[in-house]
Amino acid sequence: MDTFRSSDCSTPPDEITAPGRILVIGPPRSGTTWVEQVLGRAAGARVVHEPDNETCSPFALRAKTSLGRFPVLGPSDAAPSTYFDLWSRAFEGVGRAATARWLTAKALLRTADGDLDAAFDQRQHRFSARLRVISALASLPPASLAERAGDPPVLVKSVHASLAAEWVAARWRPRVVVVLRNPLNVVGSHVALGWGPSDLDSHPGHRPGRPALGPGASPLRRLAWQIGVFIAALEAAARRNPDWLVVSHEDLCGDPATGFKALCTALGLPWTDEAAGYLADSDRPGKGLETRRVTAEQPSNWTRQLSPAQVDEVVDVLSAFPDRLSGFCSVP
């Protein structure tokens, strides 16, 4: 019997609850989905996939209206009640409810990519009529079922909360797994998918002390800077929270079975045949947003995705970040 249940971006999940909490977090394209899928199968977990991603969760659009696409929150910062509600329900193990309102909001959301870009660009911050309808329809899933002895843990995964990780952790006390990847690979993956930068450099919650991004910076420089901000913030948060677990995507790719078994041991999770089977099955060619990849090829992916000139531009930006980050970018 398959005990793995995932609330992906297309199917509302069953409504169940769980006593344990795990947060898997990292920048977009850092390998968090791969980690989520393996750990979910090892734990038999109730996986809540990116509840704060406005491209697939109507309520995230509503909850992040005033916070931006990537909320910037310190542990003691105040946040809108809707953002608190989003995470509270996520850690209850409830992702989305298949109500008529939710399905209508979801259907509209699939057609709103351009609208979302304008809404979360701080320079425009323009909510279209379509997004206003989606926001009005978006509602929290119903309360979870009563907690039962022996319920599986809840595993929540996010690529939008790198700059609010300590805010989340301070309130729900999950075991935190930070997934880091060579920033050249992260940038290269964005470029391969045609993803550009967000407007993090103009975010109202932008923290001082970060390396400056000069005026008129190219999209690639802005993207590299954004990835640098995410990774540097997560590394700093992990140093302040030594109980957090930090895993390297490149190390996991080097020896997936050993790496994931060690991670499960650190989390107190069993290593299961289901997790091992998924790991073996996913080690094959894939593309786009699929989690199938030839793992041995991943650490050097950036050499195939970025031109030498692009590598030079990215490294120039990242070299302004702390040594731990810029050290990733030693190019042979």
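This report walks through the helices of one chain and how they meet.

## The chain as a whole

The model is predicted. The chain has 15 helices and six strands. How much of the chain is buried? Buried residues make up 52% of its 332 residues.

Contacts also tell us about the fold. Take the contacts between residues at least 6 apart in sequence. Of these, 81% join residues at least 24 apart.

## Cysteines

How many disulfides does the chain have? The count comes to zero. A pair of cysteine sulfur atoms would have to lie within 2.5 Å to be counted.

Two cysteines can be placed by their accessibility. The cut-off for buried is under 20% relative accessible area. C253 has 5% relative accessibility, so C253 counts as buried. C264 has 1%, so C264 counts as buried too.

## Helix α3

Helix α3 covers residues 81-91. Which of its residues are buried? They are Y83, L86, W87, S88, R89, A90 and F91.

These buried residues pack against several elements. Among the partners are three strands: β2 (21-25), β3 (46-49) and β4 (154-158). Two helices, α2 (58-63) and α7 (165-172), are partners as well. After α3 comes G93, which has a positive phi, near 90°.

## Helix α14 and its partner α8

Helix α14 spans residues 308-318, and helix α8 spans residues 183-193. Their axes come within 11 Å. The crossing angle is roughly 130°. Angles over 145 degrees would count as roughly antiparallel. The angle here falls in the oblique class, so α8 and α14 are oblique to each other. The crossing of α8 past α14 is right-handed.

Which residues make this contact? From α8 come P183, L184, V187 and V191. From α14 come Q310, V311, V314, V315 and L318. By class, eight of the contact residues are nonpolar, one is polar and none is charged.

A general rule helps in reading such lists. An α-helix has 3.6 residues a turn, so residues three or four places apart point the same way.

## Helix α14 and its partner α9

Helix α9 covers residues 219-240. The axes of α9 and α14 come within 9 Å and cross at roughly 45°. Are the two helices parallel or oblique? Roughly parallel would need an angle under 35 degrees. The pair is therefore oblique. This crossing is right-handed.

On the α9 side, the contact is made by L220, R221, A224, W225 and G228. On the α14 side, the residues are Q310, E313, V314, D316, V317 and L318. The contact of α9 with α14 holds six nonpolar, two polar and three charged residues.

Q310, V314 and L318 of α14 appear in the contact with α8. Q310, V314 and L318 also appear in the contact with α9.

## Helices α1 and α12

Helix α1 runs over residues 32-43, and helix α12 over residues 273-281. How do their axes meet? The axes come within 7 Å and cross at roughly 150°. Angles over 145 degrees count as roughly antiparallel. So α1 and α12 are roughly antiparallel to each other. The crossing of α1 past α12 is right-handed.

In α1, the contact residues are W34, Q37, V38, R41 and A42. They meet E274, A275, Y278 and L279 in α12. By class, the contact of α1 with α12 has six nonpolar, one polar and two charged residues.

Definitions and conventions: Residues numbered from 1 in each chain as written. Predicted model: local features only at pLDDT ≥ 70, side-chain atom pairs only at ≥ 80, totals over all residues. Heavy atoms only, no water. Axes fitted to C-alpha atoms, helices over the stretch in contact; angles between N-to-C directions. Helix = DSSP H or I, 4+ residues; strand = E, 2+ residues; numbered from the N terminus. Parallel < 35°, antiparallel > 145°, perpendicular 65-115°, else oblique. Left-handed = near helix turned anticlockwise from the far one by under 90°. Contact = heavy atoms within 4.5 Å. Nonpolar A, V, L, I, M, F, W, Y, C, P; charged D, E, K, R; others polar. Buried < 20%, exposed > 50% of the residue type's maximum accessible area, 1.4 Å probe, protein only.
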